[in-house]
Every structure is written in structure tokens, then in C-alpha cells.
Amino acid sequence: MSKVTQIAHPLILHKLTFIRDKETGAKDFRELVEEVSMLMAYEATRDLQLREIEIETPICKTKSKVLAGKKMAIVPILRAGLGMVDGMLKLIPAAKVGHIGLYRDEETLQPVEYFCKLPQDIADREVIVVDPMLATGGSAVDAITLLKQKGARYIRLMCLISSPEGIKHVMENHPDVDIYVGAIDEKLNENGYIVPGLGDAGDRLFGTK
Ligand code: PRP
Ligand code: URA
């Protein structure tokens, strides 16, 4: 069963308020999404494995910990997931980045795939799928299905804002995938937008519409 973690850190909640505010323009929106992604990456990697190595400080020899587990991959769902990549790479600079292009058909709300390019050793990597919005969950479910078809085995999902419906949809379809979110909002509206949410994440990031 998926573990759902809401990362309700004061800095994240503060920044999410300004991300949600419709008066926040594209420049500040982009910077805030990057900052929140970096803060969330800290929590979403809390269980990474460590091993001890021996080093010598200027004072003496000592044993100290370094990351030991699987290498990592960050996989943004295009377009809006792109806004989260730089923040995550600040914390995990050695991660490789794959891309999955999906957009929601505005009539059916069903995700349509248009691009997929992943690191060739994706099967051996710890994958973090990133997308600011988990609304119906259709895009996340399809992206994770595609990743599994391409061999990925260790997958977690990180979203800034989610709906109860989206979380349920991912949990039902991918119970092996842990989910990290900054907020769980009230509901979806009749157009499949998260309420209160932040509007259209891609448009706000890239200034389209
Ligand atoms: C948004 C968002 C998610 C998806 C969430 O992308 O970035 O990928 O909607 O909705 P869902 O959970 O109901 O699938 P959108 O389809 O607007 O594409 P864009 O990022 O290219 O704007
Ligand atoms: N996609 C968005 O960008 N925002 C929503 O609220 C729902 C889907």
C-alpha cells in the first residue's frame, strides 16, 4: 500500500500560499516552485540508504556516512513538472533526468502521451516522478505505468498540490508507489481543476494563456 506523506513544513506552507495567489507573476511563481521542490526533495529522500567510509579530518581518522543506495533519476511530467527539476537537482546533483510528455485532453480529462525519453539504466535507479499538480491522477497514473513498462522498479511521486481523488487514483493503480505532497486540497471542480489549487500550473510557469 502506498505511503502518503504530506510535507507540512512551515517554509513549504508559506511558499505555497504565494504560489497559489493569482497575483503572483510567472517569474516569482517559477522561483517559488523551484524553492518548494528543493525543500520537498529533502523530505522525499529521507529514507535513502547510507554506508560508512573512513576519512581523515585535519584532526584524526574517523568513520563517516555517504549515500550508498541506488542511483537516482528525476522524471518530470511535461510541461509543468519541468519547473520542479532545478530545485531537486540542487539537492541531488548527480541524478539523471528523464522526461515524459503528457497533456490532459481538456474535454475528456484523459492524459495524452507525446514524449518519453528516460535514462537507459532506469530499471536500476530510484525514480522520483515530479509534477506540481495531482488532480484526477490520470497523468501521474499513466506516467508511472509508462515508467514501469520501460523497466523502472523503484518509483516515488512528488507533487506540490494534490486532491483526495488524485491520491486515491494513484494508490489504487500503483500501490507500490509512495506519494509526497505539499498540500491535500479540498476537491476537484467540474473542469477537473483542484480547489482551491493554483490554477493551471503549466500556464502559470510558462506565462502561456
Ligand atoms: C497538468 C499538470 C498535470 C496534470 C494533472 O498538466 O501539470 O500533469 O495537469 O491533472 P490530472 O491529475 O487530472 O491528470 P496539463 O495537462 O495541463 O499539461 P501542461 O503541463 O503541459 O500544461
Ligand atoms: N492541472 C493543473 O495545472 N491544475 C489543476 O488544478 C488541475 C490540473
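The second largest pocket of this predicted model holds about 400 Å³ of space. It is lined by 17 residues, and those closest to its centre are Leu48, Leu67, Lys70, Lys71 and Met72. Sorted by class, this lining has eight nonpolar, three polar and six charged residues.

Now turn to the largest pocket, where the space comes to about 710 Å³. Its lining counts 31 residues, with Tyr103, Arg104, Tyr193, Asp200 and Gly202 closest to the centre. Several elements give two or more residues to that lining: S4, strand S6 (99-104), strand S9 (133-134), H4 and H6. Here are the two pockets side by side.

| Pocket | Volume | Lining by class |
|---|---|---|
| Largest | about 710 Å³ | 15 nonpolar, eight polar, eight charged residues |
| Second largest | about 400 Å³ | eight nonpolar, three polar, six charged residues |

Let us move on to the nonpolar cores. In soluble globular proteins, nonpolar side chains tend to be buried together. Which residues touch the most other members of the largest nonpolar core? Among its 32 residues, they are Ile19, Met88, Met158 and Leu160. Two or more residues of this core come from each of helix H1 (10-20), helix H2 (26-44), strand S4 (72-78), helix H3 (82-91), strand S8 (126-130), strand S10 (154-162), strand S11 (178-184) and helix H6 (201-206). H2 is the biggest giver, with seven residues.

You can pick out Met88 to see what such contacts look like. Beyond its neighbours within four places in sequence, Met88 is in contact with Ser37, Ala41, Ile74, Ile128, Val130 and Met158. There is also a second, separate core of 25 residues, which includes Leu102, Ile122, Leu134 and Ile179.

Leu102 turns up again when you look at Asp142. This aspartate is found in helix H4 (residues 138-149). Not counting residues up to four places away in sequence, Asp142 touches Leu102 and Pro111. Is Asp142 buried, partly exposed or exposed? Its relative accessibility is 35%, so Asp142 counts as partly exposed. Asp142 and Arg153 are 11 residues apart along the chain, and their C-alpha atoms are separated by 15 Å.

Next come the cysteines. How many disulfides does a search of the whole structure find? The result is zero. Take Cys159 as an example: the closest cysteine sulfur is in Cys116, 18 Å away, and this is too far for a bond because a disulfide needs sulfur atoms within 2.5 Å. Cys159 is buried, with a relative accessible area of 0%. Cys60, in contrast, counts as partly exposed at 40% relative accessibility.

Finally, the backbone has a few spots worth finding on your screen. Most residues other than glycine have a negative phi, and most peptide bonds are trans. Where do you find cis peptide bonds here? One runs from Leu78 to Arg79, with omega near -5°, and Arg79 sits in the loop between S4 and H3. Another joins Val195 to Pro196, with omega near 0°; Pro196 belongs to the loop between strand S13 (194-195) and H6.

Leu109 is not a glycine, yet it has a positive phi of about 65°. You will see Leu109 in the loop between S6 and strand S7 (111-117). At 21% relative accessibility, Leu109 counts as partly exposed, because buried means under 20%.

Methods. Residues are numbered from 1 along each chain as its sequence is written. Chains are lettered from A and ligands numbered from 1 in the order in which they are written. This is a predicted model: local features need pLDDT of at least 70, side-chain atom pairs count only at pLDDT 80 or more; totals for chains, interfaces and linings use all residues. Side-chain values use heavy atoms; hydrogens and water are left out. A nonpolar core is a set of buried Ala, Val, Leu, Ile, Met, Phe, Trp, Tyr and Cys residues joined through side-chain atoms within 4.5 Å. Buried means under 20% relative accessible area, exposed over 50%, partly exposed in between (1.4 Å probe, protein chains only). Helices (H or I, at least four residues) and strands (E, at least two) are DSSP runs, numbered from the N terminus. Contact means heavy atoms within 4.5 Å. On a 1 Å grid over the protein atoms alone, a cavity is a set of points where a 1.4 Å probe fits but cannot get out, and a pocket is an open set with protein on both sides within 12 Å along at least five of seven lines; lining residues have an atom within 4 Å of a point. Grid points are joined across faces, edges and corners, and a volume is the space filled by probe spheres set on the points. Ala, Val, Leu, Ile, Met, Phe, Trp, Tyr, Cys and Pro count as nonpolar, Asp, Glu, Lys and Arg as charged, and the others, Gly among them, as polar.
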